[in-house]
Amino acid sequence: MPETELTLGEIHALARDCLAGNGCDAANAEAVAATVTAAERDGAVSHGLFRLPGYVAALRSGKVDGAAAPVVERLSPALLRVDGGGGFAPGALQAGIPALAEAAHATGVAALAVVRAHHFAALWHETEALAERGLAALACTAYMPAVAPAGAREALFGTNPISFAWPRPGDTPVVFDMATAAMAMGEVQIAARDGHAVPPGTGLNAAGEATTDPAAIAGGGVLLPFGGYKGSAVSLMVELLAAALLGERFSFEAAAADNKDGGPPRGGEFILALSPNWMAAGGPESGADTEAEADAGAGRDWAQHAAGLFERIGQLDGARLPGARRHHRRQDAGPRAVNAALVGKIRGLCEAR
Ligand code: NDP
Ligand code: PYC
């Protein structure tokens, strides 16, 4: 596939100007462009510029408010809600994550309910932002039906990603971020665009037969959950945490309410932040004063403890830490190769309005 080289600055400007030219105010255009640029920087291309046409479609159809001003509410000392105001999720997350971190540092554990937001990005942005503030974090969101629950041949669950990040003081966090489908739909669509087969077990065609043809999965077929009934159970959990728990929409409800413009539907995101300083060490300042406290974990240097596990994993032939590929890619400040047809399409979307 022909590719065009763009610097990270050019990627950011392309995304920001395209969003601003299609109805985003400066704050929302910056927030989404930062997310898109970080994805390209890290080689997470299915959630970088690839998403721009969908973001623009949602602005043009009026489904998403490009000038949304998210509002953070404190429901209890440890429970926050950010009302995204019908805007894109990055704006809501920019407002909610600092407040969530503050609450988790104060209480040891805190949760954030993101509601009335449209999520079209990778989730490591939010879990890494919390880990960089010294917190362990878990995030998940639902989408629209694309995945058949284990045993079925019909889509009901979204690709329902879940991300977890663990803080490493002075180093990048250890973080995983994965669809609970065998593969994210964005990856399947890119495989179809680029003419690559997907691994067996990824999905079924429209006739309900197993296939490795990504176009057959994305165009009328279904994805399968990762790991059979186990991934299906995790995907069910994501539906419950991101929708029922928050008073937001299940994937099938989001699809029923969506205008099918190709952009992200309205939905919720559940984010949990946990303080190792409180849990392993007994409080932000405390150490272990007695042997019993030490046995219970108080005063333990949690960062050193976890580092020992990461070191053991690194010593195993063939194993690596999740997130390491992206963080390695991040060190390269040079230009990124982007699909040339995509760049042309995005430039057209900037100009066509
Ligand atoms: P991948 O299967 O590519 O990767 C999942 C995770 O596994 C990553 O953290 C990755 O780390 C890690 N990993 C991959 N290979 C290894 C290995 N050999 N050893 C250790 N760890 C490994 O991701 P998906 O295709 O499932 O998802 C892609 C993206 O799609 C995610 O960012 C997700 O948030 C996003 N998404 C968003 C949705 C939304 O509604 N907003 C819906 C669905 C997906 P590394 O990155 O370092 O390779
Ligand atoms: O890749 O499955 C996906 C996806 C859905 C919404 C955003 N990304």
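Let me start with a question: is D171 buried or partly exposed? At 47% relative accessibility, D171 counts as partly exposed. Keep in mind that what we're looking at is a predicted model, and I'll come back to D171 when we get to the salt bridges.

Okay, ligands. I'll take ligand 2 first. Its surroundings are H47, R51, F120, Y143, T159, A184, M185 and G186. By residue type, that shell splits into four nonpolar, three polar and one charged.

What touches the oxygen atoms of ligand 2? From R51, a polar side-chain atom sits 3.2 Å from one of the ligand's oxygens. M185 comes in with its backbone instead, an N or O atom at 2.9 Å from an oxygen of ligand 2. And G186 has a polar backbone atom 2.8 Å from a ligand 2 oxygen. How much of ligand 2 does the protein cover? On its own the ligand has 240 Å² of accessible area, and the protein covers 91% of that.

Now over to ligand 1. There are 23 residues around this one, and those that come nearest are A121, D177, A179, R320 and R325. The mix here is 13 nonpolar, five polar and five charged.

On the contacts, let me walk you through a few backbone ones. L123 puts a backbone N or O atom 3.2 Å from an oxygen of ligand 1. For A179, a polar backbone atom is 2.8 Å from a ligand 1 oxygen. G323 also uses a backbone N or O atom, at 2.9 Å from an oxygen of ligand 1. As for cover, ligand 1 has 930 Å² of accessible area on its own, and 75% of it is covered by the protein.

Which elements give two or more residues to that shell? Those are β7, residues 174-178, and α13, residues 324-330. The largest share comes from β7, with four residues.

Hold on to α13, since we meet that helix again in the salt bridges. The structure holds 15 of them. Quick reminder of the chemistry: side chains of opposite charge can pair when their charged atoms come close.

Let me show you K63 and D261, whose side chains meet in a salt bridge at 2.7 Å, N to O. K63 is in the loop between α3 (52-60) and β2 (71-76), while D261 is in the loop between α9 (251-257) and β11 (266-274), so this pair ties together parts that are 198 residues apart in sequence. And both K63 and D261 are buried.

Next pair: R330 and E128, with their side chains meeting at 3.0 Å, N to O. This one also links distant parts of the chain, with R330 in helix α13 and E128 in helix α5, 202 residues apart. E128 is buried, at a relative accessible area of 3%.

Have a look at the rest of α5 while you're there. Why do I call this helix largely enclosed by the rest of the structure? Because eight of the eight residues of α5, 124-131, are buried. Reading along the helix, that's W124, H125, E126, T127, E128, A129, L130 and A131.

Back to D171, as promised. The partner of D171 in a salt bridge is R168, and their closest N and O atoms are 3.9 Å apart. R168 is partly exposed, with a relative accessible area of 22%. Elsewhere, salt bridges that share partners join R41, D42, E128, R326 and R330 into one network.

A word on cysteines, for anyone wondering about disulfides. How many are there? The count comes to zero. Take C24: the nearest cysteine sulfur belongs to C18 and is 9.6 Å away, so with a cut-off of 2.5 Å between sulfur atoms, C24 is in no disulfide. C24 is buried, with a relative accessible area of 7%. C140 counts as buried too, at 2% relative accessibility.

Last stop is G344, which you'll find in helix α14, residues 340-351. At 41% relative accessibility, G344 counts as partly exposed. If you want a sense of distance, take G344 and A148: 196 residues apart in sequence, and 35 Å apart in space, C-alpha to C-alpha.

Terms used:
Residues are numbered from 1 along each chain as its sequence is written. Chains are lettered from A and ligands numbered from 1 in the order in which they are written. This is a predicted model: local features need pLDDT of at least 70, side-chain atom pairs count only at pLDDT 80 or more; totals for chains, interfaces and linings use all residues. Side-chain values use heavy atoms; hydrogens and water are left out. Buried means under 20% relative accessible area, exposed over 50%, partly exposed in between (1.4 Å probe, protein chains only). A residue is near a molecule or strand if one of its heavy atoms lies within 4 Å of it. A polar contact is a pair of N or O atoms within 3.5 Å; within protein, one must be able to donate a hydrogen and the other to accept it, and residues adjacent in sequence count only if both atoms are side-chain atoms. Accessible areas come from the Shrake-Rupley method with a 1.4 Å probe; for residues, only the protein chains shown count as cover. Ala, Val, Leu, Ile, Met, Phe, Trp, Tyr, Cys and Pro count as nonpolar, Asp, Glu, Lys and Arg as charged, and the others, Gly among them, as polar. A salt bridge is a side-chain nitrogen of Lys or Arg within 4 Å of a carboxyl oxygen of Asp or Glu.
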